[in-house]
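Let's take a friendly look at one disulfide and one pocket. Please have the viewer ready.

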Amino acid sequence: TPLYSSAASDVYKRQEKKQVSLLESPEFGVEKRLIFHGAAQYYRGSHGQIVSNQKVGVYLDFDNAEANGLGMPLPAGIVRVYERDASGAQQFVGEDRIDHTPRDETVRIKLGEAFDVVGDRRQMDWKALGHCVSESSWEISLRNHKDEASVVEVTEPVAGDWEILSSSHRAEKLDAHTFEFEVEVPARGEETITYRVRVRWC
């Protein structure tokens, strides 16, 4: 935090920014999501272990709708999230910048990373099937150190044409370049996803 001398205090007061209340809602629904992201370039070469003890991202989704206690255009800016502790005091838990958002759209805020849910990603096999075609197998281990189970979304972006040849868990195709596994990781436990995929990128 910058410190200002008394001589500069009047200038600072004229230029200072004030926070004003844009809207108020006593309560609206949010959905907390834990997401473990991959990367499209992983499929183009031989890597071995890519990440170890990578923290899982924590996100909040909410609908900017009247039915959810909101429902007005939200200007771009910083959104700060607070949570009440056991004593009732508000504790700051994270912030994110949002874009201009019209009503009746979903807003996603990234709060940061979960320190108690982590994952490893290993490439177990890779082979080239042509100039720009590869086949590889993967192992993703998720560890949950919480006292309760956690649902983690493992989001895998992939460029080009792709086909999942086998997998330990059901994969859901989100769009032409993304598939996802949704798994429940037990309290103080571990869950491992394995899959094999063929990718053509040219």
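Which strands each supply at least two residues of the lining of the second largest pocket?

## The second largest pocket

In this predicted model, the strands in question are β1 (31-37) and β7 (150-157). Of the two, β1 deserves your attention to begin with: with 4 residues, β1 gives the most to the lining.

The space in this second largest pocket comes to about 180 Å³. If you would like to select the lining in your viewer, pick Glu-31, Lys-32, Arg-33, Leu-34, Lys-146, Glu-148, Ala-149, Ser-150, Val-151, Glu-153 and Glu-182. Sorted by class, that lining holds 7 charged residues, 3 nonpolar and 1 polar.

## The disulfide

Now on to the sulfur atoms. Searching the whole structure turns up 1 disulfide. Its partners are Cys-132 and Cys-202, with an S to S distance of 1.9 Å. The bond brings together distant parts of the chain, 70 residues apart: Cys-132 sits in the loop between β5 (106-130) and β6 (133-144), while Cys-202 belongs to the segment after β11 (189-200).

For those who like torsions, the angle about the S-S bond is -110 degrees, and the link of Cys-132 and Cys-202 is left-handed.

## Two ends, two surroundings

Is each cysteine of the pair buried or exposed? Cys-132 has a relative accessible area of 6%, so Cys-132 counts as buried, being under the 20% cut-off. Cys-202 reaches 57%, which is over 50%, and therefore Cys-202 counts as exposed.

Key: Residues are numbered from 1 along each chain as its sequence is written. This is a predicted model: local features need pLDDT of at least 70, side-chain atom pairs count only at pLDDT 80 or more; totals for chains, interfaces and linings use all residues. Side-chain values use heavy atoms; hydrogens and water are left out. A disulfide is a pair of cysteine sulfur atoms within 2.5 Å. Buried means under 20% relative accessible area, exposed over 50%, partly exposed in between (1.4 Å probe, protein chains only). On a 1 Å grid over the protein atoms alone, a cavity is a set of points where a 1.4 Å probe fits but cannot get out, and a pocket is an open set with protein on both sides within 12 Å along at least five of seven lines; lining residues have an atom within 4 Å of a point. Grid points are joined across faces, edges and corners, and a volume is the space filled by probe spheres set on the points. Ala, Val, Leu, Ile, Met, Phe, Trp, Tyr, Cys and Pro count as nonpolar, Asp, Glu, Lys and Arg as charged, and the others, Gly among them, as polar.
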